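Student: I would like a close look at one part of this protein, the surroundings of a single acidic residue inside it. Could you walk me through that spot and then connect it to the rest of the fold?

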Amino acid sequence: MYQFDISAGTKADLYRDLFAALDALTTDETDPIANMANAAALVWEYLPDLNWAGFYRLVEGELVLGPFQGKVACIRIPVGKGVCGAAAATLKTQLVEDVHAFPGHIACDAASRSELVVPVTRGGKLIAVLDLDSPEAARFDAEDAAGCEALAALLGARL
């Protein structure tokens, strides 16, 4: 089975190691669901202070729940609605320090206080969004966004 040496060093070290681990997990696998499932599990296991980590897939013009770790979640999210829908509509990472201040926030888990959503694209087209929630306000920063954007870029080529 897989064992990864994930650094307890800096945040940059953590994301470098997560990228290497995700690369190893997905390099020879062509099934997108399997790759999203392993990515969600990897992020869940190694990123601290999360209460949800997973994917919403673009299916026939709306976001549909994909592989995740955490509590049960909303199944369908319209593009343009909530944080995930905003990331899907704009193809831009959404880093939200306080989800309660985000217009139209969709509360799948009332305990969530901050959120990071990164579009996963291939050839400029949306495939999915990577969604991370935390019960801590302002849990995510620009370094988290950049690290997750690198993970999403790697996955985009493998979904």
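What follows is a walk from one residue to the cavity, the cores and the charged pairs.

Student: Where is Asp131 found, which residues is Asp131 in contact with, and how many salt bridges does a search of the whole structure find?

Tutor: Happy to. Please keep in mind that this is a predicted model.

Let's begin with the residue itself. Asp131 is found in strand 6, which covers residues 125-134. Asp131 is buried, yet it has no salt bridge. The nearest side chain of opposite charge belongs to Arg139, and that is 12 Å away. A salt bridge needs a nitrogen of Lys or Arg within 4 Å of a carboxyl oxygen, so Arg139 at 12 Å does not qualify as a partner for Asp131.

What does surround this side chain? Setting aside neighbours within four places in sequence, Asp131 is in contact with Trp52, Ala53, Gly54 and Tyr56, with Cys84, and with Glu115, Leu116 and Val117.

There is also empty space to consider. The count comes to one cavity of 30 Å³ or more, and about 170 Å³ of space lies in the largest cavity. Its lining has 19 residues, and Asp131 is among those closest to the centre, together with Ile106, Cys108, Glu115 and Asp133. Glu115 therefore appears twice in this picture, as a contact of Asp131 and as one of the lining residues closest to the centre. Strand 1, helix 3 (82-90) and strand 6 each supply at least two residues of that lining, with helix 3 giving the largest share, three residues.

Now for the nonpolar packing. The largest nonpolar core has 31 residues, and those touching the most other members are Leu18, Leu47, Phe55, Val120 and Leu132. Two or more residues of this core come from each of helix 1 (11-26), helix 2 (32-46), strand 1 (52-59), strand 5 (114-122), strand 6 and helix 4 (142-156). Apart from this core lies another, of 17 residues, including Trp52, Leu63, Val96 and Phe102. Trp52 is also one of the contacts of Asp131. Back in the largest core, Val120 has contacts beyond its sequence neighbours that include Phe55, Ile127, Val129, Leu130, Ala152 and Leu155.

Finally, the charged pairs. Side chains of opposite charge can pair when their charged atoms come close. A search of the whole structure finds seven salt bridges. In one of them, Asp144 pairs with Lys11, with the closest N and O atoms 2.9 Å apart. That pair links distant parts of the chain, since Asp144 is in helix 4 and Lys11 is in helix 1, 133 residues apart. Asp144 is buried, at 1% relative accessible area, whereas Lys11 is partly exposed at 27%.

Another bridge joins Arg16 and Asp17, whose closest N and O atoms are 3.0 Å apart. Here Arg16 is partly exposed at 48%, and Asp17 is buried at 13%. Glu62 and Arg76 form a further bridge, at 2.7 Å between the closest N and O atoms. This pair links strand 2 (residues 62-70) to strand 3 (residues 76-78), with the two residues 14 apart. Glu62 is partly exposed, at 25%.

Shared partners also join Lys11, Arg139, Asp141 and Asp144 into one salt-bridge network. That brings us back to the start: Arg139 belongs to this network, while Asp131 is buried without a salt bridge.

Note on methods: Residues numbered from 1 in each chain as written. Predicted model: local features only at pLDDT ≥ 70, side-chain atom pairs only at ≥ 80, totals over all residues. Heavy atoms only, no water. Helix = DSSP H or I, 4+ residues; strand = E, 2+ residues; numbered from the N terminus. Buried < 20%, exposed > 50% of the residue type's maximum accessible area, 1.4 Å probe, protein only. Lys, Arg positive; Asp, Glu negative; His and termini not counted. Contact = heavy atoms within 4.5 Å. Core = buried A, V, L, I, M, F, W, Y, C linked by side-chain atoms within 4.5 Å. 1 Å grid on protein atoms, 1.4 Å probe; cavity = no way out; pocket = protein on both sides within 12 Å on 5 of 7 lines; lining within 4 Å. Points joined across faces, edges and corners; volume = space filled by probe spheres on them.
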